[in-house]
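Me: I would like to examine how the labels attached to this model are justified. Please set each value against its criterion and state the conclusion.

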Amino acid sequence: RSAQEMKHMENISSLFQGSSPGEYQRSDPKSEREAVAAPGEQPWEMIMDKKHFKLWRRPIEGTHLYQYRVFGSYTDVTPRQFFNVQLDTEYRKKWDSLVIKLDVIERDLATGSEVIHWVTHFPYPMYSRDYVYVRRYSVDKENNLMVLVSRAVEHPSVPEDPEYVRVRTYESQMVIRPHKTFDENGFDYLLTYSDNPQTVFPRYCVSWMVSSGMPDFLEKLHTAALKAKKMEIEVRDYMSAKPMESGGSEGKASMAAAEHKSDGTCSPAQLEYA
């Protein structure tokens, strides 16, 4: 579904794309809002329009929450670097000052799915939040696409801690489309995100936090990818570490094969607060 949403955004991107990848121009807000939503979907409201990305939101029916969507582009880092930096939990502990804790709790060799426990600072005077979520990623070389999806789960080895507020509703999907190849600079990305941080603040306050936090997080992620590239910081290559690249009927067979490998897994990290 994430890949289909990316395709939809690419199909309608002529509404707001300039003459070259990563170059955007302003267009009629109403036509753009209607186009960004797939047929039959609730329309999106644009809340930020920058040179390298656009940010939309829309209400989640039956709640006081919003779903957010970012469509943007980078031209100075490769898709592989950007992807790996998101997934490498150990490196994220170094570049993301909001991280209090970030650990892989469980890993499934057959699918590459991982359960992550993530504790993060929230703006004062709020308590820190903790997330337990499962993530899975896929690199589709045939269609030149990378996908990383995460959603909140419960896990018996991570009970609630009274020190933190547990976030039980959380979903994130990141799709990366290289302009050329996985190892050449330049790609477009689509991030769709929602969570319920369980604050007592009004919705507009939470919306402001997320809409300012998301671009800030993406810029930190971009800077970390650039730093890893320039300083040749060792970041795990998840494209080659993954035991398999697609699910389906191969799952059980590859599970048996993966158990015979000394290092047959992927690893952790994630994408969030925005």
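Me: Why is the contact of Arg168 with Glu160 called a salt bridge?
Reply: In this predicted model, the closest N and O atoms of Arg168 and Glu160 are 2.1 Å apart. A salt bridge requires a side-chain nitrogen of Lys or Arg within 4 Å of a carboxyl oxygen of Asp or Glu, so the pair Arg168 and Glu160 qualifies.

Me: Why is Glu160 called partly exposed?
Reply: Glu160 has a relative accessible area of 48%. Buried means under 20% and exposed means over 50%, with partly exposed in between, so Glu160 falls into the intermediate class.

Me: What makes the contact of Arg168 with Glu154 a salt bridge, and where do the two residues lie?
Reply: The closest N and O atoms of Arg168 and Glu154 are 3.3 Å apart, and the limit is 4 Å, so the contact counts. The pair links distant parts of the chain, 14 residues apart: Arg168 is in the loop between strand 8 (165-167) and strand 9, and Glu154 is in the loop between strand 7 and strand 8.

Me: Which accessibility classes do Arg168 and Glu154 receive?
Reply: Arg168 has 41% relative accessibility and counts as partly exposed, because that class lies between 20% and 50%. Glu154, at 66%, is exposed, because exposed means over 50%.

Me: How do you know that Glu5 and Arg1 form a salt bridge?
Reply: Their closest N and O atoms are 3.7 Å apart. That separation is within the 4 Å limit, so the pair Glu5 and Arg1 is accepted. The structure holds 15 salt bridges, and those that share partners join Arg1, Glu5 and Arg69 into one network.

Me: Is Glu5 buried or exposed, and is Arg1 buried or exposed?
Reply: Glu5 counts as buried at 17% relative accessibility, because buried means under 20%. Arg1 is exposed, with a relative accessible area of 64%, because the exposed class begins over 50%.

Me: What makes the pair of Phe83 and Tyr137 edge-to-face?
Reply: The ring centres of Phe83 and Tyr137 are 5.6 Å apart, with 80 degrees between the planes. Rings pair if their centres lie within 6.5 Å, and planes over 60 degrees apart count as edge-to-face, so both conditions are met by Phe83 and Tyr137. Phe83 lies in helix 3 and Tyr137 in strand 6, so the pair ties together parts that are 54 residues apart in sequence. Both Phe83 and Tyr137 are buried.

Me: Which residues do ring pairs link into a cluster?
Reply: The cluster consists of Trp118, Tyr131, Tyr133, Tyr170 and Tyr193. In total, the structure holds 12 aromatic pairs.

Me: Why is helix 3 called largely enclosed?
Reply: Seven of the nine residues of helix 3 (residues 79-87) are buried, so the helix is largely enclosed by the rest of the structure. The buried residues are Pro79, Phe82, Phe83, Asn84, Val85, Gln86 and Leu87.

Me: Which arginines lie over the face of Tyr66 and of Phe122?
Reply: Arg57 lies over the face of Tyr66, at 4.2 Å from the ring centre. Arg129 lies over the face of Phe122, at 4.9 Å from the ring centre. The distance limit for CZ of Arg is 6 Å, so the distance part of the criterion is satisfied for Tyr66 and for Phe122.

Me: Why is Val153 called partly exposed?
Reply: Val153 has 24% relative accessibility. Partly exposed lies between 20% and 50%, so Val153 belongs to that class. Val153 is placed in the loop between strand 7 and strand 8. Val153 and Val134 are 19 residues apart in sequence, and their C-alpha atoms are 6.4 Å apart in space.

Me: What lines the largest pocket, by class and by element?
Reply: The largest pocket holds about 260 Å³ of space. Of the 13 lining residues, Ser2, Ala3, Gln4, Leu145 and Val147 are the closest to its centre. By class, the lining has four nonpolar, five polar and four charged residues. Helix 1 gives the most, with four residues.

Conventions:
Residues are numbered from 1 along each chain as its sequence is written. This is a predicted model: local features need pLDDT of at least 70, side-chain atom pairs count only at pLDDT 80 or more; totals for chains, interfaces and linings use all residues. Side-chain values use heavy atoms; hydrogens and water are left out. On a 1 Å grid over the protein atoms alone, a cavity is a set of points where a 1.4 Å probe fits but cannot get out, and a pocket is an open set with protein on both sides within 12 Å along at least five of seven lines; lining residues have an atom within 4 Å of a point. Grid points are joined across faces, edges and corners, and a volume is the space filled by probe spheres set on the points. Ala, Val, Leu, Ile, Met, Phe, Trp, Tyr, Cys and Pro count as nonpolar, Asp, Glu, Lys and Arg as charged, and the others, Gly among them, as polar. Buried means under 20% relative accessible area, exposed over 50%, partly exposed in between (1.4 Å probe, protein chains only). Rings of Phe, Tyr and Trp (its six-membered ring) pair if their centres lie within 6.5 Å; planes under 30 degrees apart count as stacked, over 60 as edge-to-face and the rest as tilted. A charge sits over a ring if NZ of Lys or CZ of Arg is within 6 Å of the ring centre and within 35 degrees of the ring normal.
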